[in-house]
Amino acid sequence: MAVHEQADETETPRYTRTGDEGFTTLGDRSRVEKTDPRIAAYAACEEANTAIGVALAGGAFPKNVATVLARLQNDLIEVEGDLGTPTKRRGDRQTRIDDDYIRRVEEACRHFSSELPELSSFVVPGGTLGGAMLYRAYTDVRRAERATWAAVEQCGDVNTLVGRYLNRLGELMFVLARAANSEHGDTMWEPGLTARVGLLPTEDDATAQT
């Protein structure tokens, strides 16, 4: 934990030093290396959560999209707690991701997808500022999913439903990015574009933009 201001010498330090040797504590109080796959998994979820927070702070979203994003941030804190607490813990009181979490994400996916046109090609990330930031959050969620499956494979005491949840969440983030760009429209991949027109703009490109 970083200290952001100079503390008086009589104050209690605002840092613990417990991680100075490269170890940290899981939810069951066991100590593991900071390179442990479970740490990588919940850290990746934290990064995805931060990306959503940045999108909410910087983008202009319809109220229903903003509400869903804020609630997903809350979910992701629970995902982090699940990943950081081994499933073998006795008397486990840790909130666990279950089928209901997955169902809610699937419902949201269907809801927002129903309002979007069918895709005929790959989407190029971008569009509005909010849409672009959600595409970035989408890639962070995908990375968190991969890290979770690696933790499942290597540690064996990780809730596999977290992996399924993050898989569905990645799909929802992609859909929400498209929804944020609904007025702008999707930017579609054009196969062989630079082979056909080159990389540098031409006078024709400048004329088309005026």
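A disulfide is here a pair of cysteine sulfur atoms within 2.5 Å. By this rule, the count for the structure, which is a predicted model, comes to zero disulfides. Individual cysteines can still be placed by their exposure. With a relative accessible area of 0%, C45 is buried, because the cut-off for that class is under 20%. C155 has a relative accessible area of 22% and is therefore partly exposed, as buried residues must fall under 20%.

The overall architecture comes next. Seven helices and two strands make up the secondary structure elements of the protein chain. Along the sequence, their order is β-β-α-α-α-α-α-α-α. Of the 210 residues in the protein chain, 36% count as buried. Its accessible surface amounts to about 13100 Å², and carbon and sulfur atoms contribute 50% of that area. Among contacts with a separation of 6 or more, 71% join residues 24 or more positions apart.

The interior can be followed through the largest nonpolar core, which contains 46 residues. Within this core, the residues that touch the most other members are L134, Y165, L169, L172, M173 and L176. Two or more core residues come from each of α1 (37–58), α2 (63–83), α3 (99–113), α4 (129–155) and α5 (160–180). Of these elements, α5 supplies the largest share, with 12 residues.

L172 offers a view of this packing at the level of one residue. When its neighbours within four places in sequence are left aside, L172 is in contact with V68 and L72, and also with V105, A108, C109 and F112.

Methods. Residues numbered from 1 in each chain as written. Predicted model: local features only at pLDDT ≥ 70, side-chain atom pairs only at ≥ 80, totals over all residues. Heavy atoms only, no water. Helix = DSSP H or I, 4+ residues; strand = E, 2+ residues; numbered from the N terminus. Buried < 20%, exposed > 50% of the residue type's maximum accessible area, 1.4 Å probe, protein only. Contact = heavy atoms within 4.5 Å. Areas by Shrake-Rupley, 256 points an atom, 1.4 Å probe, with all protein chains shown as cover. Core = buried A, V, L, I, M, F, W, Y, C linked by side-chain atoms within 4.5 Å.
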